[in-house]
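Work through these exercises with the model open beside you. Try each task before you read its solution.

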Amino acid sequence: MQFQQLQYFVAVAETRHFTRAADLVHVAQPSLSQQIKALERELGADLFLRARGNITLTDAGEALLPLARRILADADTARHEVLELVQLRSGRIRLGATPSLCTGLLPDVLRAFHDRYPGIRLLIEEGGSHDLVRELARGALDLALVVLPLPSPSPALTTVELLREDLVVVSSPEAPAPGRGRTVRISDLEGERLVMFRHGYDLRELTVAACRAEGFEPDFAVEGGEMDAVLGFVRAGLGVAVVPRMVATKSGRGLRVTPLARPGLHRTIALAHRSDVAPPRAARELQRMLLER
């Protein structure tokens, strides 16, 4: 039984005329008649009683008609659902990002994306780059914003560099300013009490490595927080923290922001997705907007 045969059958059942049915489905009348006969042979029963000027349904035809209409309607629904996805009217994007990027980069981009494609659901997962790479590899995410270099080489992922971001030092305006002027050197952080992110956080590893490169171990006043908690502890005067400039700019109320002296500290942000699976259409559109932001 072929889909096209059901279309022809329903057309004849509704018009009660082979020639008019052929015009309706845009096919030659002999071809339509041949397909109806093939369908009858497949089913082992006549579907129409053919009398000159009078086409009526047999009992078999009456039984098939509602089923054929339902099959055709389901096909139209399937076609419509796929079209909705292709045209970005519905669907979802599973996006992973580090908490600092959720605070700094993503809000404006996601707002613009949502304004353009309000039918797309955005599912956001926060985590460190190591966790996000693992979630990408197992297919739980469509895209992820990660910090390069990746915590471990992953040939199964494709990465596209998005931005290179400066890091700055934030402190409470009520506490003495770190450093000796308008900038802070990493060596100036020796003796400062740091508010530090949890283990597995990219900024933690980067800050600790920079301090050790200057020959000292950082002194933690508080450790183990996410971005919002770290900024809150700094505002409360518990210590200073090294954070991305974008986060400091957007969340800087109640904070003193001091640049790091050259060469400073930087991090490279990239978009990552699985190499063996193309991201969904909606995810590719979000990727384009992030790259063109």
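Helices (H or I, at least four residues) and strands (E, at least two) are DSSP runs, numbered from the N terminus. This is a predicted model, in which local features need pLDDT of at least 70 and side-chain atom pairs count only at pLDDT 80 or more, while totals for chains, interfaces and linings use all residues. Residues are numbered from 1 along each chain as its sequence is written, and side-chain values use heavy atoms, with hydrogens and water left out.

**Exercise 1. The cavity**

Task: Find the largest cavity and say which strand gives the most to its lining.

Solution:
- Step 1. Fix the term. On a 1 Å grid over the protein atoms alone, a cavity is a set of points where a 1.4 Å probe fits but cannot get out; a pocket is an open set with protein on both sides within 12 Å along at least five of seven lines; lining residues have an atom within 4 Å of a point. Grid points are joined across faces, edges and corners, and a volume is the space filled by probe spheres set on the points.
- Step 2. Count. The structure has one cavity of 30 Å³ or more. The volume of the largest cavity is about 30 Å³.
- Step 3. List the lining. It consists of Leu194, Val195, Met196, Phe197, Thr207, Val240, Ala241 and Val242.
- Step 4. Assign elements. Strand E7 (193-197) and strand E9 (241-244) each give two or more residues. E7 gives the most, with four.
- Step 5. Sort by class. Ala, Val, Leu, Ile, Met, Phe, Trp, Tyr, Cys and Pro count as nonpolar, Asp, Glu, Lys and Arg as charged, and the others, Gly among them, as polar. The cavity lining has seven nonpolar, one polar and no charged residues.

**Exercise 2. The largest pocket and a cis bond**

Task: Describe the lining of the largest pocket, then find the cis peptide bond that ends at proline 149.

Solution:
- Step 1. Take the volume. The largest pocket holds about 230 Å³ of space.
- Step 2. Go to its centre. The lining has 16 residues, and the closest to the centre are Val147, Leu148, Pro149, Asp202 and Glu205.
- Step 3. Assign elements. Helix H7 (129-137), strand E5 (143-148), helix H8 (202-213) and strand E11 (266-274) each give two or more residues. H8 gives the most, with four.
- Step 4. Sort by class. There are eight nonpolar, five polar and three charged residues in this lining.
- Step 5. Check the backbone. Leucine 148 and proline 149 are joined by a cis peptide bond, with omega about -5 degrees. Proline 149 sits in the loop between E5 and strand E6 (157-171).
- Step 6. Set this in context. Most residues other than glycine have a negative phi, and most peptide bonds are trans.

**Exercise 3. The second largest pocket**

Task: Which residues line the second largest pocket?

Solution:
- Step 1. Its space is about 150 Å³.
- Step 2. The lining is Val184, Arg185, Ile186, Ser187, Ala210, Glu214, Leu260, Ala261, Arg262, Pro263, Gly264 and Leu265.
- Step 3. By class, that lining has seven nonpolar, two polar and three charged residues.
- Step 4. The peptide bond from arginine 262 to proline 263 is cis, with omega near 5 degrees. Proline 263 lies in the loop between strand E10 (256-259) and E11.

**Exercise 4. Helix H1 and its partner H3**

Task: How do H1 and H3 cross, and through which residues?

Solution:
- Step 1. Fit the axes. Axes are lines fitted to C-alpha atoms, for helices over the stretch in contact, and angles run from 0 to 180 degrees between N-to-C directions. The axes of H1 (residues 3-15) and H3 (residues 29-43) come within 9 Å and cross at roughly 105 degrees.
- Step 2. Classify. Angles under 35 degrees count as roughly parallel, over 145 as roughly antiparallel, 65 to 115 as roughly perpendicular and the rest as oblique. H1 is therefore roughly perpendicular to H3.
- Step 3. Name the contact (heavy atoms within 4.5 Å). Gln5, Leu6, Tyr8, Phe9 and Val12 of H1 meet Leu32, Gln35, Ile36, Ala38 and Leu39 of H3.
- Step 4. Sort by class. The contact has eight nonpolar, two polar and no charged residues.
- Step 5. Look past H1. Arginine 16, in the loop between H1 and helix H2 (18-24), has a positive phi of about 55 degrees although it is not a glycine.
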